[in-house]
Amino acid sequence: MVGRRRGRTNFGCLFGILLLVSVVYFGVNVGEPYLRYYRFVDGMNQEARFSSQFTDEQIQARLAALADSLGLPEAAGKVRVQRQPNRISLSSSYYERVEMPLIVRDILFSPQVEWTH
């Protein structure tokens, strides 16, 4: 007589798959705001590097447009520009809401860039 399996599943495999799906789901939810933050900081670095070619108002307008295109909250586009001889500093501050089942968090992001000419 051939051995029979009674419709049992390998719970270890199912648990592993469930764990992997959960990690991916939560990683995407939490990772997206951080990815947008790093893209915004990269844009701030670029603006700081070429700041000698633009006025403070032009830099603020360009960074506000970048924040809007990245889908950041309106507060992110309100960039403070401080110039000193041979140095520029750009900074902003904003909250992003991360919503997951049973958990809602507001994360504070404070991107800052300094560039010396």
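Is Gly 43 buried or exposed? I began with this residue, working throughout on a predicted model. Gly 43 has its place in helix 1, and I found it buried, since its relative accessible area is 12% and the cut-off for buried is under 20%. I then looked across to Arg 62, which is 19 residues from Gly 43 in sequence, and I noted a C-alpha to C-alpha distance of 9.2 Å between the two.

**Entry on the overall layout**

I looked up the secondary structure next and found two helices and five strands in the chain. Read along the sequence, the order is α-α-β-β-β-β-β. Of the 117 residues in the chain, 27% are buried.

**Entry on helix 1**

Helix 1 covers residues 11–49, and Leu 19 is found in it. I checked the accessibility of Leu 19 and obtained a relative value of 47%, so this residue counts as partly exposed. Leu 19 also belongs to a nonpolar patch on the surface, which it forms with Phe 15 and Val 23, and I noted about 320 Å² of accessible area for the three together.

**Entry on helix 2**

For helix 2, residues 56–70, I compared the expected length with the model: at 1.5 Å a residue its 15 residues should span 21 Å, and the end C-alpha atoms are 21 Å apart, which agrees. I then asked which residues of helix 2 are buried. They are Ile 59, Leu 63, Ala 67 and Leu 70. Seen down the axis of helix 2, the buried residues fall within an arc of 70 degrees, so I recorded them as lining one face of the helix. On the face turned away from that buried side I found the exposed residues Glu 57, Asp 68 and Ser 69. Helix 2 is followed by Gly 71, and I noted that the phi of this glycine is positive, near 80 degrees.

**Entry on the salt bridges**

How many salt bridges does the structure hold? I counted six, and I followed up several of them.

One of these pairs the side chains of Arg 36 and Glu 96, with an N to O distance of 2.6 Å. Arg 36 lies in helix 1 and Glu 96 in strand 3, so the pair ties together parts that are 60 residues apart in sequence. I checked the surroundings of both partners and found that Arg 36 is buried and that Glu 96 is buried as well.

Another brings together the side chains of Arg 62 and Glu 47, at 2.8 Å from N to O. This pair links distant parts of the chain, with Arg 62 in helix 2 and Glu 47 in helix 1, 15 residues apart. Here the two partners fall into separate classes: Arg 62 is partly exposed, with a relative accessible area of 39%, whereas Glu 47 is buried, with a relative accessible area of 7%.

I also looked up Asp 106, which forms a salt bridge with Arg 97, the closest N and O atoms being 2.9 Å apart. Asp 106 is partly exposed, its relative accessible area being 43%. Turning to shared partners, I found that salt bridges join Glu 32, Arg 36 and Glu 96 into one network.

**Entry on strands 1, 2 and 5**

Strand 1, residues 80–84, pairs with strand 2 in the antiparallel sense, and I noted five bridges between them. Within this pairing, the bridge partner of Gln 82 is Ser 89 in strand 2. The two strands form a hairpin with two residues between them, and Asn 86 there takes a positive phi near 65 degrees.

On its other pairing, strand 2 is joined to strand 5, residues 112–116, by five bridges, and these two strands also run antiparallel. Ser 89 appears again here, with Glu 114 in strand 5 as its bridge partner. Four of the five residues of strand 2, residues 87–91, are buried, so I recorded this strand as largely enclosed by the rest of the structure.

**Entry on strands 3 and 4**

Which way do strand 3 and strand 4 run with respect to each other? I found them antiparallel, with seven bridges joining strand 3, residues 94–100, to strand 4, residues 103–109. For Val 98 the bridge partner in strand 4 is Arg 105. This hairpin has two residues between its strands, and Leu 102 in the turn has a positive phi of about 75 degrees.

Note on methods. Residues are numbered from 1 along each chain as its sequence is written. Side-chain values use heavy atoms; hydrogens and water are left out. Two strands pair if DSSP finds at least two bridges between them. Patches are made of residues with over 30% relative accessible area and no salt bridge: like charges are joined within 9 Å, nonpolar side chains (Val, Leu, Ile, Met, Phe, Trp, Tyr) within 5 Å. Accessible areas come from the Shrake-Rupley method with a 1.4 Å probe; for residues, only the protein chains shown count as cover. A salt bridge is a side-chain nitrogen of Lys or Arg within 4 Å of a carboxyl oxygen of Asp or Glu. Buried means under 20% relative accessible area, exposed over 50%, partly exposed in between (1.4 Å probe, protein chains only). The expected span of a helix is 1.5 Å times one less than its number of residues. The arc is that of the directions from the helix axis to the C-beta atoms.
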